[in-house]
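Work through the exercises below with the sequence and the structure open beside you. Try each task on your own before you read the solution that follows it.

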Amino acid sequence: MKIPFLGHRQESQGVPDPEGIADLLSECELLRSQASQDGVQLDDSAASLEALDQLLPRWRDDEEVLHWLGNDAGLYLGTVIVRTVPGATWEIWPSGQPVVRLASGREFDVVASGHEWAASGVPELSQLYGEVAEV
């Protein structure tokens with residue numbers, strides 16, 4: 001798996017492995033664990049984003065969990081977009097920040113959106129997905 005933002009790029013500077021990047025970014029272990037505890041199955045669908053929006057935000061009392069869950073929520077939102085919106089792909093900015101790029105070239109900082117959702121619940125993940133999917 002060739003993932004450029006992990007370092008040690010001794011190999012030729014070819015095109016990164018998009019499937020490897022997508023697999024790595026889709027793990028979202030903390031979010032998946034939290035959702036599972038509340039009976040929500042994350043199946044990388046738009047419906048699962050709606051289910052996440054309905055969770056009680058127990059994580060807001062713990063700053064460390066809030067930060068990591070925000071990252072995971074953004075990466076999960078990006079995963080759903082990449083897997084369900086035709087032409088959407090992961091892009092890694094030079095800073096290392098993963099974003100979703102649509103076929104139109106428009107980019108979305110899904111991690112920032114995940115942090116906003118984890119901290120306040122607004123905007124809802126399903127709402128963000130709907131806005132992106134309509135573009």
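**Starting point: a glycine after a helix**

Helix H2 is followed by Gly39, whose phi is positive, near 80°. Helices here (H or I, at least four residues) and strands (E, at least two) are DSSP runs, numbered from the N terminus. The model is a predicted one, in which local features need pLDDT of at least 70 and side-chain atom pairs count only at pLDDT 80 or more, while totals for chains, interfaces and linings use all residues. Residues are numbered from 1 along each chain as its sequence is written, and side-chain values use heavy atoms, with hydrogens and water left out.

**Exercise 1. The chain as a whole**

Find the pattern of helices and strands that the chain follows along the sequence, and state what the mean pLDDT of the chain is.

*Solution.* Begin with the count, which comes to 6 helices and 3 strands. Reading along the sequence, you meet them in the pattern α-α-α-α-β-β-β-α-α. Next, turn to pLDDT, which is the predictor's confidence in each residue, from 0 to 100: its mean over the chain is 88, and 87% of the residues reach 70 or more. Over residues 9-15, however, pLDDT stays under 50, and the model has 2 contacts for them beyond four places in sequence, where contact means heavy atoms within 4.5 Å. Finally, 41% of the 135 residues count as buried, a word that stands for under 20% relative accessible area, with exposed for over 50% and partly exposed for what lies in between (1.4 Å probe, protein chains only).

**Exercise 2. The two sides of H2**

Determine which residues of helix H2 are buried, and which residues on the other side are exposed.

*Solution.* First, locate H2 at residues 29-37, where Leu31, Gln34 and Ala35 are buried. These residues lie on the same side of H2 because they cover an arc of only 95° around the axis, the arc being that of the directions from the helix axis to the C-beta atoms. An α-helix has 3.6 residues a turn, so residues three or four places apart point the same way. On the other side of H2, Glu29, Ser36 and Gln37 are exposed. As a last step, look for what covers the buried residues of H2, which includes H3 and H4.

**Exercise 3. The buried side of H5**

Where in helix H5 are the buried residues, and against what do they pack?

*Solution.* In H5 (residues 110-120), the buried residues are Val110, Val111, Ser113, Gly114, Trp117 and Ala118. Their directions cover an arc of only 155° around the axis, so they are on the same side of H5. They pack against H3, H4, strand S1 (89-92), strand S2 (98-101), strand S3 (107-108) and H6. Take Ser113 as one case: its relative accessible area is 16%, so Ser113 is buried, and it touches Leu77 and Leu128, not counting residues up to four places away in sequence. Now approach H5 from helix H4 (residues 63-84), where Gly74 has its place. Gly74 counts as buried because its relative accessibility is 0%, and, leaving aside neighbours within four places in sequence, Gly74 is in contact with Val110, Val111 and Gly114.

**Exercise 4. Where H3 meets H6**

Describe how the axes of H3 and H6 cross, and name the residues of these helices that meet.

*Solution.* The axes of H3 (residues 46-53) and H6 (residues 125-134) come within 7 Å and cross at roughly 150°; such axes are lines fitted to C-alpha atoms, for helices over the stretch in contact, with angles from 0 to 180 degrees between N-to-C directions. Ala46, Leu49, Glu50, Leu52 and Asp53 in H3 meet Leu125, Ser126 and Tyr129 in H6. Then look at Tyr129, whose C-alpha atom is separated by 7.2 Å from that of Ala46, although the two are 83 residues apart along the chain. Since its relative accessibility is 14%, Tyr129 counts as buried.

**Exercise 5. The backbone in the loops**

Which peptide bond is cis, and what is the phi of Cys28?

*Solution.* The peptide bond from Val122 to Pro123 is cis, with omega near -10°, and Pro123 is found in the loop between H5 and H6. For Cys28, phi is near 45°, a positive value in a residue other than glycine. Cys28 is found in the loop between helix H1 (18-25) and H2.
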